[in-house]
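Here is a short briefing to read with the structure open beside you. It goes through charged pairs first, then a surface patch, then the nonpolar interior.

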Amino acid sequence: MSELVEYNPVEEVQHEEHIHHRCHPLHLSWVSGFNPRVSLLNVSTSRDRKELVLASGNALLFYCYDGEREKITPVIGHKNVVNMIGCDESGRFVVSSDCSYCINVWDRQAGGGESHHHPIAIRTIFEPFKANGDIGAVSLSCDGKYLLAGGGIPNEQGSQLKLWSWTVGNDFSDDSITLPTRLGRIKAIHFCPDRGRRNQFVVTLDSGVVFGAWDCKEQKLSIQVPKRHGFQDYNDTVFVERTDRAVSVTGAGMAVLWSNDRKFSDAQEGGVQRKEFLKYLHLKYASINVVRSCDEKIVTGDDDGEIRFYDNSMKILYWFKQEDLEPIRTLSFELVETRRWKQPAEPIEGDDQTPKEESTEKKVVVNIEDIAPKDVSFDARPVIVRGFVSATKSGKIYDIDIVYNKIQELFLQSPSIITAFDVHSARSELCTCDGNGRFVVYDLKTKSMRLALDVPIQRTRRGRITTLAYSPCGTFMAGGAENGFLWMVEPNLMILAGSSPLQFTSEKIRLVLFSLDSKHLVCVDESNTITLLHREKDDWQVMGNCATHRLVDLAFLSATDFVSIGEDRYMVQYTINTDEMLQLEAVSIVKRRRIEQSAYPTALLVLPGGSQILVANDQLKFKMFHGRSFEILHTFLAPFHDGPARCLRQLPGEDYFLFITNNNIYVHHLPIDGNPFKYLAVRGHPKRLKGLQVAWTVRCAFTFGEGDHAVSMWKINTSPLFDNLKHAGTGLDPFCTLLPGGKRGCYVREILSLFFYNQISPKNSDGDAELTLRDAMNVQDVPNYLRSIGFHMSEYEEQNLCKEMELTGTYFLTFEEVLKLFLNHRTAAGGPPTSEDVRTAVTYVGATTSSGKVDLVRLITLLASMGEPMEPKTTEAYCRILFPAAFEANEQDGSPAPECGTGEDCTNYIAIDEFADRLC
């Protein structure tokens, strides 16, 4: 295509609150902050309306503030963390890039300039540098025609520049060029804003500056690297408007000026205008992080929190510091035209007409020159510049207008990485805590900050709060810190409660949880100790503690009973003794039961009613246990695309539960039966999700991940699950999609043949009696049948399987029931052990020699004493069948056979490759 196609959405769906993608079970509707490490963008085209573009994780935030209320529109279009954003001079097209996966171009005015629709990604470039490194910087030309990206592996191959005429739609770049390796990585790219030179650009790197141009006629990139002058640690470079100069700033407080090289003043049309070093100025002793050229002024921001204004000759005009003196990371000016001011109107000679009396209610026009600040020159000229937005290192955004002397803070602060959060059980309320110990309470209906509290944590002494919990009644909140402090907060007033903080341990508090009646608080620390606290009036007192296993997750069964799972593969039940007359421990262990053989449990969920406990493990299974006896009830296949399930959360009042994996958020329909069409997911984080909570008051899920400065709010939509189940089919149709070839594939036909062959095998025949085939199998034959079709279970797994079959209340299972057992119980990889698995296992148990062969004698001995012991006679019988060559020597010599099971007649070693091949 050669032009942009205008996007015109259907008029019937004008309000975005009613737009919900029919295929998405979760929709990102709000984010509580942004990533201050990524420079923001000011795309305001009106002085009365502030519009910003910010980054948060793999999402872009389009922020709007009209003076009364602010609106945040988050959009997701990246797989990895967004690291750079830019726009053209009109602000309509915004470009964003992540670390390595893609570059997106967004249209902010999709559907017309006055619409309120979400921005649309109209162009995506996937993996622009392929396997040759990450994306370092991107930029759009001022006229919006060209997209320039820089990246690669600077230390090995040198950074690359690639340019696209992105409106044409080519998959490959129009041209690319490699930069010298000595210059380091790319930090920023800026195009020249002056008409006639918009094809020129400047690239800032760690150890240098590169000037370049794009020749439209020759379709070629050209660059020029000025001679080095000993400067390092460049931070930013821009062209100086309406001049032939450019200015760079460094981490040492230097400003380096470049001008046209007089030896090459006659540059070819479309070629790069060669630059040479002009001079340098030592402006600060602090690092200058950003430089911009706007309204014939050069503006800088530094680590001292100072913003300075210079003229085009780098003469100081004006400066000011903010009160908090935080390092400036971003300066972004409005896109509106420069302010125009009129000279006072002089009376016309000979005009005898008396002036009309103006109404006293008419607004007085203020001359901007009179109110603008004056520069430091002798002439004291007014400093007139358009409004701009600055962002600090600590995540604060300020809207600054020096003409009217206005500074206003925008959006929500994002000073530090989120370490813990929780949602209120009854109100639409979210509380977060960051690495600085700042508690912030948000109103989820208005999506605004309601209260805040700064807790005096000891950051130098591991004082960060890493776990947070509301009480079920909503009147208490507890936060556990790395140094063993327990902070009790009253969330209604956001004040510390009683004698807070409490300290009963010096170890890190890993988990805090209130009882169902909010009278008790359970704390788990790094030393595997459970501490029980009881509320007495307005204070919390320690009642007792109990040593336990390495706990993974915890949940209450009732007001006085709770259960935990641990890395030792046990499920443990505890009880709280509330009767002071009985001489019992305040908290004690009631029951322990092993629930896994080789897998590690990762999360648990007490289902409504408390009679069933759902446990997820790292082998991608869901297991259902009885709430009192801990007996196995069912085993089901869990989602197997992105790691084990964690943070199981029930959606109150509905037959759904949510959980997270490494990067995805899942919505699962109850009851569980292993049907792969009963769950749907969205990508929730580019790195790793760390927490999940559900708020039933707004029917939303909340998550945060590694390195996040904000919590994400996801609107839950369960209708896609119904559509998914409706089109999945009935019976075995959805389950057979997990098998090669599907329901009509050769694999299903083969296991169906084995199902009927089992009924006519000699062990099931009675002499010459007539055989009757039916679509049912005796439960006693099911374990061996599952082994024959690829699920090589252990004795422990066989016992669990038999217990589950007993719960069916029948002695025969149909082919459909047996196939569901097979799919739910088999390993998530979906196949028998490979040759590599066998080689790894036999080497791990120590049955191999130094020459790499398998010693059958040692193997028989080890299998009789390790794990689930095997009878030596059984093991030797299998060895005779699989490896007859190991027994042929003794039989040919006619030597007496030793006692069966001793392994003495195994005189030969078996090559490990042959051993693995025969077993597979």
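Let's start with a pair you can pick out right away: the side chains of arginine 592 and aspartate 568 meet in a salt bridge, 3.6 Å from N to O. This pair links distant parts of the chain, with the two residues 24 apart. Please keep in mind that this is a predicted model.

**The pair of arginine 592 and aspartate 568**
- Arginine 592 belongs to strand E46 (residues 587–594), while aspartate 568 sits in the loop between strand E44 (561–566) and strand E45 (570–576).
- Arginine 592 is partly exposed, at 45% relative accessible area.
- Aspartate 568 also counts as partly exposed, with 26% relative accessibility.

**Other salt bridges**
- A search of the whole structure turns up 40 salt bridges.
- Aspartate 379 and arginine 381 join their side chains in one of them, at 3.0 Å from N to O.
- In that pair, aspartate 379 is exposed, with a relative accessible area of 56%, and arginine 381 is partly exposed, with 43%.
- Lysine 678 and aspartate 673 form another salt bridge, their closest N and O atoms lying 3.7 Å apart.
- Is lysine 678 buried or exposed? Its relative accessible area is 9%, so lysine 678 counts as buried, the cut-off being under 20%.
- Its partner, aspartate 673, is partly exposed, with a relative accessible area of 27%.
- A network of salt bridges links Lys284, Asp302, Asp304, Glu306 and Arg308.
- As general background, side chains of opposite charge can pair when their charged atoms come close.

**A nonpolar patch on the surface**
- Ile316, Trp319 and Val376 make up a nonpolar surface patch, and together they have about 270 Å² of accessible area.
- You will find tryptophan 319 in strand E25 (residues 316–321).
- Tryptophan 319 counts as partly exposed, at 43% relative accessibility.

**The nonpolar cores**
- The largest nonpolar core has 50 residues.
- Which members of this core touch the most other members? They are Leu26, Leu54, Ile397, Phe411, Leu430, Leu658 and Phe702.
- Phenylalanine 411 is a good place to zoom in: leaving aside residues up to four places away in sequence, it touches Val31, Gly33, Phe34, Leu54, Leu61, Tyr63, Glu70, Ile72 and Ile397.
- There is also a second, separate core of 31 residues, with Phe93, Ile177, Phe201 and Val210 among them.

How values were computed: Residues numbered from 1 in each chain as written. Predicted model: local features only at pLDDT ≥ 70, side-chain atom pairs only at ≥ 80, totals over all residues. Heavy atoms only, no water. Salt bridge = Lys/Arg side-chain N within 4 Å of Asp/Glu carboxyl O. Buried < 20%, exposed > 50% of the residue type's maximum accessible area, 1.4 Å probe, protein only. Helix = DSSP H or I, 4+ residues; strand = E, 2+ residues; numbered from the N terminus. Patch = residues over 30% accessible without salt bridge, like charges linked within 9 Å, V, L, I, M, F, W, Y side chains within 5 Å. Areas by Shrake-Rupley, 256 points an atom, 1.4 Å probe, with all protein chains shown as cover. Core = buried A, V, L, I, M, F, W, Y, C linked by side-chain atoms within 4.5 Å. Contact = heavy atoms within 4.5 Å.
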